[in-house]
Amino acid sequence: MADLKQVAETLVNLTVKEVSELADILKDEYGIEPAAAAAVVAAPAGGGEAGGAAEKSEFDIELQSAGGAKLQVVKAVKNLLGVGLKDAKGLVDGAPSIIKEGVAKDEAEKIKAELEEAGATVELK
């Protein structure tokens with residue numbers, strides 16, 4: 001069993017490049033498709049100590065729609081993102097679209113809540 005623990009620990013500590021190389025090897029030499037290989041490599045991380053490290057820390061905020069209160073959503077976008085009225089209107093009119101990228105979890109949730117309160121439909125990605 002010690003060998004399996006060592007294999008699992010090795011898989012959990014692979015870099016993105018190494019995972020990609022492993023997927024290529026599994027596909028070319030063993031006929032295992034990359035999606036299946038990624039699931040195999042990702043599975044040990046879910047329950048181990050490294051599981052917390054996989055949690056996403058930055059989000060993109062996507063405005064799905066302005067709903068029925070477009071003016072209030074435009075005002076909220078203007079205030080929350082610190083953009084001009086014309087730019088805020090353009091972002092709202094362009095929905096669905098990413099309105100802000102790489103936002104910390106707390107800030108993203110705050111912006112989402114305020115936009116939803118104004119009547120928008122928002123998704124964090």
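This is a short dialogue on reading the features of a predicted model.

Q: Let's begin with the overview. How many helices and strands does the chain have, and in what order do the elements run?

A: There are 6 helices and 3 strands in this predicted chain. Starting at the N terminus, the elements run α-α-α-β-α-α-β-α-β. Of the 125 residues in the chain, 22% are buried. Looking at contacts with a separation of 6 or more, 65% of them join residues 24 or more positions apart.

Q: What span should helix α2 have, and how far apart are its end C-alpha atoms?

A: Helix α2 covers residues 16-30, which is 15 residues; at 1.5 Å a residue it should span 21 Å, and its end C-alpha atoms are 20 Å apart, so the two values agree. You can repeat the exercise on helix α4, residues 70-81. With 12 residues, α4 reaches 16 Å from its first C-alpha to its last, close to the 16 Å expected.

Q: Which residues of α4 are buried, and which are exposed?

A: The general idea first: an α-helix has 3.6 residues a turn, so residues three or four places apart point the same way. In α4, the buried residues are Val 73, Val 74, Ala 76, Val 77, Leu 80 and Leu 81. They cover an arc of only 165° around the axis, which puts them on the same side of α4. Leu 71, Gln 72 and Asn 79 are exposed on the other side of the helix.

Q: What do the buried residues of α4 pack against?

A: Their partners are β1 (58-65), α5 (85-93), β2 (97-104) and α6 (105-118).

Q: Now the backbone. Which residue follows α4, and what is the sign of its phi?

A: As a rule, most residues other than glycine have a negative phi, and most peptide bonds are trans. Here α4 is followed by Gly 82, with a positive phi near 70°. Another glycine to look at is Gly 31, just after α2, where phi is positive at about 75°.

Q: Where is the cis peptide bond?

A: Look between Ala 95 and Pro 96: the bond joining them is cis, with omega about 5°. Pro 96 sits in the loop between α5 and β2.

Q: On to the strands. In what order do they form the sheet?

A: The 3 strands form an open sheet in the order β2-β1-β3, and their pairing is antiparallel. At the edges are β2 and β3 (121-124), each pairing on one side only. On average, neighbouring strands of this sheet are turned by 25° against each other, direction ignored. Which helix packs on the sheet? Helix α6 does, touching β1, β2 and β3, and its direction makes about 145° with that of β2.

Q: How many bridges does the β1 and β3 pair have?

A: β1 and β3 pair in the antiparallel sense over 4 bridges. For a residue to find on screen, Glu 62 stands opposite Glu 123 in β3.

Q: How many salt bridges does the structure hold?

A: Side chains of opposite charge can pair when their charged atoms come close. This structure holds 6 salt bridges. One of them brings together the side chains of Lys 89 and Asp 93, at 2.6 Å from N to O. Being 4 residues apart in helix α5, Lys 89 and Asp 93 are separated by about one helical turn. Lys 89 counts as partly exposed because its relative accessibility is 42%, and Asp 93 counts as partly exposed at 39%. Lys 70, Lys 89 and Asp 93 are linked in a network of salt bridges.

Q: Which salt bridges do Glu 114 and Glu 116 form?

A: Glu 114 pairs with Lys 110, and their closest N and O atoms are 3.9 Å apart. Both lie in helix α6, 4 residues apart, which is about one turn of the helix. Glu 114 is partly exposed, with a relative accessible area of 34%.

Glu 116 pairs with Lys 112, the closest N and O atoms being 3.8 Å apart. Glu 116 and Lys 112 are also 4 residues apart in helix α6, so about one helical turn separates them. Glu 116 is partly exposed, with a relative accessible area of 37%, and Lys 112 counts as partly exposed at 25% relative accessibility.

Definitions and conventions. Residues numbered from 1 in each chain as written. Predicted model: local features only at pLDDT ≥ 70, side-chain atom pairs only at ≥ 80, totals over all residues. Heavy atoms only, no water. Helix = DSSP H or I, 4+ residues; strand = E, 2+ residues; numbered from the N terminus. Expected span 1.5 Å × (residues − 1). Buried < 20%, exposed > 50% of the residue type's maximum accessible area, 1.4 Å probe, protein only. Arc of directions from axis to C-beta. Contact = heavy atoms within 4.5 Å. Pairing = 2+ DSSP bridges. Axes fitted to C-alpha atoms, helices over the stretch in contact; angles between N-to-C directions. Salt bridge = Lys/Arg side-chain N within 4 Å of Asp/Glu carboxyl O.
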